[in-house]
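Notebook open. I want to go through the sheets, then the cores, then the charged pairs.

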Amino acid sequence: MNSDVQIAGDLLSVAHLLPPVPAHPSTVAGFAGLARSLAADRAAWAPLVRYDATTRWYHRLRSVPSAGYEVWLLSWLPGQGSGRHDHGRSSGVLTVLEGELTEHATSGGGEVRHALRPGAQRVFAPGYVHEVVNDALTPAVSLHLYFPGLTEMPMHPSQHAVAAEAAAR
């Protein structure tokens, strides 16, 4: 008995029948996959990492204006944090490369805390408010992919400030 490949031929060898492979991601899963593949290429990002005792260090790893996204590499010494913020009209993928980070976000009126270890990813949409902090005793490194590229990062009062203001009323 003949197989389908013997009868029809190998469909993968007929290039015009295959959908074109996109040059850049176009879905949330695609962007998360791109972030994972960049994270796996340690030889590309590890030599670039620097640490700054006064503030988080950051470096634009990739900017692809034609596809509308950019990728940033950040380092966090113990105690450093982002402050409570959103990313304007940008969606994003945060991927932890080394160390441990803590994300504080609001959900259902309360604060949610996520411990993020190497390989952990957080995906967020425009308007998502969170704070990322290195609560650990060792440095951390993370990769941040934004689509479209990051043009604003509005700051928000901390949850503690909001609670104190509500209690004062």
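**Five-stranded sheet.** I started with the open sheet of five strands, whose order is S1-S2-S8-S3-S6. Its pairing is antiparallel. The model is predicted, so I read everything below as a property of that prediction. I checked the edges next. Strand S1 (57-64) and strand S6 (121-124) stand there. Each has a single partner strand, so one side of each is left without a neighbour in the sheet. I also looked up the twist: neighbouring strands of this sheet are turned by 15° against each other on average, direction ignored.

I then took one pairing in detail. Strand S2 (residues 69-76) and strand S8 (residues 140-147) run antiparallel and are joined by seven bridges. For register, I noted that Leu-74 stands opposite Ser-142 in S8.

**Three-stranded sheet.** I found an open sheet of three strands with the order S5-S4-S7. The pairing in this sheet is antiparallel. Strand S5 (110-116) and strand S7 (130-133) are the edge strands, each pairing on one side only. On average, neighbouring strands here are turned by 20° against each other, direction ignored. S4 (residues 101-107) is joined to S5 by seven bridges, and the two run antiparallel. One position I marked: Leu-101 stands opposite Leu-116 in S5.

**Nonpolar cores.** Which residues have the most contacts inside the largest nonpolar core? I got Tyr-69, Leu-73, Leu-97 and Leu-145, in a core of 18 residues. I asked which elements feed it. Helix H2 (28-40), S1, S2, strand S3 (91-98) and S8 each supply at least two residues. H2 gives the largest share, five residues. As background, nonpolar side chains tend to be buried together in soluble globular proteins.

I followed Leu-145 further, leaving aside its neighbours within four places in sequence. Its contacts include Phe-31, Leu-34 and Ala-35. Tyr-69, Glu-70 and Val-71 are also among them, as are Ser-91, Gly-92 and Val-93.

Another core, of eleven residues, lies apart from the largest one. Leu-74, Leu-94, Leu-116 and Tyr-146 are among its members. I had already met Leu-74 opposite Ser-142, and Leu-116 opposite Leu-101.

**Charged pairs.** How many salt bridges does the count come to? I logged four. I wrote up three pairs.

Arg-42 and Glu-98 meet through their side chains at 2.6 Å, N to O. Arg-42 lies in helix H3 (residues 42-45) and Glu-98 in strand S3, so this pair ties together parts that are 56 residues apart in sequence. Arg-42 is partly exposed at 43% relative accessibility. Glu-98 is partly exposed too, at 22%.

Glu-100 and Arg-117 form a salt bridge at 3.7 Å, N to O. I placed Glu-100 in the loop between S3 and S4, and Arg-117 in the loop between S5 and S6, 17 residues apart. Glu-100 has a relative accessible area of 24% and is partly exposed. Arg-117 counts as partly exposed at 47%.

Glu-103 pairs with Arg-122, with the closest N and O atoms 2.7 Å apart. Glu-103 is in strand S4 and Arg-122 in strand S6, so the pair ties together parts 19 residues apart in sequence. Is Glu-103 buried or exposed? I read a relative accessible area of 0%, so Glu-103 is buried. Arg-122 is partly exposed, at 22%.

Definitions and conventions
Residues numbered from 1 in each chain as written. Predicted model: local features only at pLDDT ≥ 70, side-chain atom pairs only at ≥ 80, totals over all residues. Heavy atoms only, no water. Pairing = 2+ DSSP bridges. Helix = DSSP H or I, 4+ residues; strand = E, 2+ residues; numbered from the N terminus. Axes fitted to C-alpha atoms, helices over the stretch in contact; angles between N-to-C directions. Core = buried A, V, L, I, M, F, W, Y, C linked by side-chain atoms within 4.5 Å. Buried < 20%, exposed > 50% of the residue type's maximum accessible area, 1.4 Å probe, protein only. Contact = heavy atoms within 4.5 Å.
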